[in-house]
Amino acid sequence: MKNTDKSMRIAPVAAPIRSQVVETLRTAITSGRFAPGQRLVEKDLCDLLGVSRPSVREALRELESEGLISTIPFRGPLVTTLTAQDAASIYEVRGVLEALAAKLFAEKASPEQIAELSDTVDRLEAAYATQDVEQILIAKRAFYEVLLEGSQNVIIPSMLRTMNARITQLRRVSLSSPKRLPGSIKEIRLVLKAIQNRDPEAAFQASMRHIGEAQKAAVAQLQD
């Protein structure tokens, strides 16, 4: 198996071993350290992470449920290759859920939460200026954490959680082109403006436009 980076070895910590293994492998996949289509050999993963086979198997099963891994007969687990059709399907669901969160945020969020959301957008714009995808992804997570909390709907984040890893993969794809960055932050600014104006429908539509543009960028990259 490729990419056996010893820096991934897990030091003993208080968190359960299984959680450590899942998080480490998830990060390796979403960051591209383990490439799409790459075969994941249990023995190699055990050696790499310093854990037992049962821990690795449990982690692989969880990542398969998230869509990050596919098990192929006679070949075993492979890193799932996202297709343009996969991306379109994920964006369709994500778009509606995040747009609903934006609409509910405009209706229900406190003035303090709106101010906090504005701060995350400022930090996101600063991250965009660096053109560093890792910084952008961190800033985007902060934005959506505030947005989802302020929506006051506990079902939306739980539904998005099942897609989070693949959403991260697709964000990385859509943001890999510098041409996408200026449009992306403008779209998010429009979402924020609608929320600040307490206009739920405008917030919904602005969020849908943002996800739609991200979908176009990701699908185009995946089709190349």
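**Exercise 1. A loop arginine**

Arg 198 lies in the loop between α9 and α10; work out what Arg 198 counts as by relative accessibility, and check the sign of its phi.

*Solution.*
- Ground rules: this is a predicted model, where local features need pLDDT of at least 70 and side-chain atom pairs count only at pLDDT 80 or more, while totals for chains, interfaces and linings use all residues. Numbering runs from 1 along each chain as its sequence is written, and side-chain values use heavy atoms, with hydrogens and water left out.
- Step 1: α labels are helices (H or I, at least four residues) and β labels are strands (E, at least two), both taken as DSSP runs numbered from the N terminus.
- Step 2: the relative accessibility of Arg 198 is 35%, so it counts as partly exposed. The classes are buried under 20% relative accessible area, exposed over 50% and partly exposed in between, with a 1.4 Å probe and protein chains only.
- Step 3: phi of Arg 198 is positive, about 55 degrees, although the residue is not a glycine.
- Step 4: for another case, go to the loop between α6 and α7, where Gln 152 sits. Its phi is near 60 degrees, again a positive value in a residue other than glycine.

**Exercise 2. The overall fold**

Find how many helices and strands the protein has, then ask what the radius of gyration says about how compact it is.

*Solution.*
- Step 1: count ten helices and two strands.
- Step 2: reading along the sequence gives α-α-α-β-β-α-α-α-α-α-α-α.
- Step 3: the radius of gyration is 19 Å, close to the 17 Å from the globule rule for 224 residues, so the protein is as compact as a globular protein of that length. The radius is taken over C-alpha atoms, and the rule is 2.2 Å times the number of residues to the power 0.38.
- Step 4: the C-alpha trace spans about 55 × 40 × 30 Å along its principal axes.
- Step 5: among contacts (heavy atoms within 4.5 Å) between residues at least 6 apart in sequence, 77% join residues at least 24 apart.
- Step 6: buried residues are 46% of the 224.
- Step 7: for charge, there are 30 positive and 27 negative side chains, with the centres of the two sets 4 Å apart. Here Lys and Arg are the positives and Asp and Glu the negatives, with His and the chain ends not counted; each charge is placed at NZ of Lys, CZ of Arg, CG of Asp or CD of Glu.

**Exercise 3. Two cores**

Which residues of the largest nonpolar core touch the most other members?

*Solution.*
- Step 1: a nonpolar core is a set of buried Ala, Val, Leu, Ile, Met, Phe, Trp, Tyr and Cys residues joined through side-chain atoms within 4.5 Å.
- Step 2: the largest one has 45 residues, and Phe 105, Leu 117, Tyr 128, Leu 147 and Ile 195 touch the most other members.
- Step 3: α4 (84-108), α5 (111-130), α6 (133-151), α7 (155-161), α8 (164-174), α9 (180-196) and α10 (200-223) each supply at least two residues of this core.
- Step 4: zoom in on Ile 195. Not counting residues up to four places away in sequence, Ile 195 touches Ala 102, Phe 105, Ala 106, Ile 114, Leu 117, Leu 147 and Ala 203.
- Step 5: don't miss the second, separate core of 20 residues, which includes Phe 34, Cys 46, Leu 68 and Val 79.

**Exercise 4. An arginine in a helix**

Arg 94 lies in helix α4: is Arg 94 buried or exposed?

*Solution.*
- Step 1: Arg 94 has a relative accessible area of 2%, so it is buried.
- Step 2: leaving aside neighbours within four places in sequence, Arg 94 is in contact with Tyr 144, Leu 160, Met 163, Ile 167, Arg 171 and Ile 211.
- Step 3: now look from Ile 211, which lies in α10 and is buried at 2%. With the same four-place exclusion, its contacts are Tyr 91, Arg 94, Gly 95, Glu 98 and Tyr 144.

**Exercise 5. Distance in sequence, distance in space**

How far apart are the C-alpha atoms of Leu 78 and Arg 39?

*Solution.*
- Step 1: find Leu 78 in strand β2 (residues 76-79); it is buried at 9%.
- Step 2: Leu 78 and Arg 39 are 39 residues apart along the chain, yet their C-alpha atoms are separated by 4.4 Å.
- Step 3: Leu 78 also contacts residues including Gly 37, Leu 68 and Ile 72.
- Step 4: try Asp 44 in helix α2 (residues 42-49). Asp 44 and Ser 89 are 45 residues apart along the chain, and their C-alpha atoms are separated by 33 Å.
- Step 5: finish with Val 21 in α1 (residues 17-30), buried at 0%. Val 21 and Leu 45 are 24 residues apart in sequence and 9.5 Å apart in space, C-alpha to C-alpha.
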